[in-house]
Amino acid sequence: MLNCTSADWERLYNDPLIETLFDIVDSDGDGHISQQEHSLFFSVFDLDAEQSAFVFSKLDIDQDGIISKKEFVSAKREFLSEREPGAVGNWFWGSVE
Ligand SMILES: [Ca+2]
Ligand SMILES: [Ca+2]
């Protein structure tokens, strides 16, 4: 993060893969991921659905009950930059080998 230039940040926030993934999870296309959509995403990808509510609360940084695109992108960024168990991104993607 310390080495990130503003161009890097711009690239991260405009990563088409993240946008695409967000749009997939946001199945009703209202621009936010609800807990129901998140739970559905977990089941579709055969992840542990029982963890969905807990993971959702981790991702919902401002605790307003929905995951915004900004929150989603920040989780993805944490997944890419953090290898510590318990990092938000790790919870989102489940246990990654
Ligand atoms: Ca939605
Ligand atoms: Ca939120």
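Which residues is Ala49 in contact with, leaving aside its neighbours within four places in sequence? I looked this up and got Ser39, Phe42 and Ser43. Contact here is C-beta atoms, placed from the backbone, within 7 Å of each other.

Notes to self on the source: this is a predicted model, where local features need pLDDT of at least 70, side-chain atom pairs count only at pLDDT 80 or more, and totals for chains, interfaces and linings use all residues. Residues are numbered from 1 along each chain as its sequence is written, while chains are lettered from A and ligands numbered from 1 in the order in which they are written.

**Ala49.** I found Ala49 in the loop between α3 (35-44) and α4 (52-59). Helices are DSSP runs (H or I, at least four residues), numbered from the N terminus. I then checked His38, 11 residues from Ala49 along the chain, and its C-alpha atom is 9.2 Å from that of Ala49. Buried or exposed? Ala49 comes out as partly exposed, because it has 14 other C-beta atoms within 10 Å. The cut-offs are 20 or more for buried, 12 or fewer for exposed, and partly exposed in between, with C-beta atoms placed from the backbone.

**α3 against α4.** I went on to the two helices beside that loop. They pack at an angle of about 125°, with their axes 9 Å apart. Axes are lines fitted to C-alpha atoms, for helices over the stretch in contact, and angles run from 0 to 180 degrees between N-to-C directions. α3 and α4 are therefore oblique to each other; that word covers whatever is left after under 35 degrees (roughly parallel), over 145 (roughly antiparallel) and 65 to 115 (roughly perpendicular). I listed the contact residues: Gln35, His38, Ser39 and Phe42 from α3, and Ser52, Ala53 and Phe56 from α4.

**The core.** Next I pulled up the largest nonpolar core, which has 7 residues: Ile33, Val55, Phe56, Leu59, Ile67, Phe72 and Ala75. Such a core is a set of buried Ala, Val, Leu, Ile, Met, Phe, Trp, Tyr and Cys residues joined through C-beta atoms within 7 Å. α4 and α5 are the elements giving two or more residues to this core, and α4 gives the most, with 3. I also looked at Phe72, which touches Phe22, Ile33 and Ile67, not counting residues up to four places away in sequence.

**Gln63.** Last stop was the loop between α4 and α5 (69-81), where Gln63 sits. Gln63 is not a glycine, yet its phi is positive, about 55°. Most residues other than glycine have a negative phi. Gln63 counts as exposed, because it has 7 C-beta neighbours inside 10 Å.

Technical notes. Contact = placed C-beta atoms within 7 Å.
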